[in-house]
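User: I should like to learn how to read the features of a protein model. Could you take me through them one at a time?

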Amino acid sequence: MSGATTPVVGVDIGGTTITAALVHPDGTVLHTRGTATPQAADDGSTVYAALAGLVGAVIADAGGPDAVGGVGVGSAGPLDAAAGTVSPVNIPSWRGFALLDRLRADFPGLRVRLDGDAICFALGEYRHGAGHGSDGLLGMVVSTGVGGGLILDGGVYRGPTGNAGHIGHAIVDMDGPPCPCGSKGCLEVLSSGPNMVRWARAEGWAPPEGAEPTARELAEAARAGDPTALRAFARAGRAVGAAIVSAAAVVDFERVVIGGGVAQAGELLFAPVREGMAEFATLAFLRRVTVLRSALGDRAGLLGAAELVA
């Protein structure tokens, strides 16, 4: 965290989990606290209460408000950066939710900044991880949803609304399945963990008796050679590869770093991603794009969020 001398609170809000931690200027992450994201579809205050409780607990762990320099928050999107509101596709109870105002009211005297969670992921990897040294970077989170953030010419590119890089809602199949965003054929409905599982179950896959049908179980099945599970990863990875090539054709970045729960499957995902890129990248400047796995894992979003108030 360039120029910072005081630790800050970094927050990562996703559709599955919310995490907060104290981040020191050297990138050390301490006092990490997390909780499952409440799923009450009609009660945004429940989700906010869980978030505020984590932030307050981390501040207390640090020694109180005087011991921290601010709170940086990365939230699933889309968001309205100017208004400080969020409307995450995977948190249905937050639609135009005034997150920034609520946090500033509850934590007076502290600087609070908000950005997209995938932008924070990209920023964390750029400063501290697999994206370091690249001036043209797409950071992707493939998890409950699919998000993205851009680093261009050595700085974050947010766009006028703060949603630049939102690759999960790039269209990869014009006749594809409907997406909760209201469109169809979005990358997210082919490649997010829950949607991979949904597709595999429709094709006849089932988890072991007593196990939940999760992306983790799907990955275990694929490792064991289950043909439907392997097809699910091949389908998802090819779509990710196509989206990367399309984005690179518009923006001309040189590196992609992918993290998130689905990315933990390793080569089950990354091999078809690379195959998809090889299939669709016919122009020389597209063939030079490289794909790397996150070097920071769960810390990337926290570190990037901390950079917002560094």
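Analyst: The discussion below takes up the sheet, a pair of hairpins, the cores and a helix. This is a predicted model, in which local features need pLDDT of at least 70 and side-chain atom pairs count only at pLDDT 80 or more, while totals for chains, interfaces and linings use all residues. Residues are numbered from 1 along each chain as its sequence is written, and side-chain values use heavy atoms, with hydrogens and water left out.

User: What is the strand order of the open sheet of 5 strands?

Analyst: Strands (E, at least two residues) and helices (H or I, at least four) are DSSP runs numbered from the N terminus, and two strands pair if DSSP finds at least two bridges between them. Here the order is β3-β2-β1-β4-β7, with mixed pairing. β3 (29–36) and β7 (112–116) are the edge strands, each pairing on one side only. Within the sheet, β1 (residues 8–13) and β4 (residues 71–75) are parallel over 5 bridges, and I13 stands opposite S75 in β4.

User: How do β8 and β9 run relative to each other, parallel or antiparallel?

Analyst: They run antiparallel, joined by 7 bridges, and a hairpin of 3 residues connects β8 to β9. β9 also pairs with β10 (residues 155–157) in the antiparallel sense over 3 bridges. In that second hairpin, with 2 residues between the strands, D153 takes a positive phi near 55 degrees.

User: Why is β9 described as largely enclosed?

Analyst: Buried means under 20% relative accessible area, exposed over 50%, and partly exposed in between (1.4 Å probe, protein chains only). Since 6 of the 7 residues of β9 are buried, the strand is largely enclosed by the rest of the structure.

User: Which element gives the most to the largest nonpolar core?

Analyst: A nonpolar core is a set of buried Ala, Val, Leu, Ile, Met, Phe, Trp, Tyr and Cys residues joined through side-chain atoms within 4.5 Å. The largest has 46 residues, and M140, L218, F233, I244, F253, V256 and I258 touch the most other members. α7 gives the most to this core, with 11 residues. Another core, of 29 residues, lies apart from it and includes L22, L79, W94 and F97.

User: Which residues of α8 are buried?

Analyst: An α-helix has 3.6 residues a turn, so residues three or four places apart point the same way. In α8 the buried residues are L268, L269, F270, P272, V273, G276 and M277. Contact means heavy atoms within 4.5 Å, and the elements covering these residues include α6, α7, β11 and β12 (290–293).
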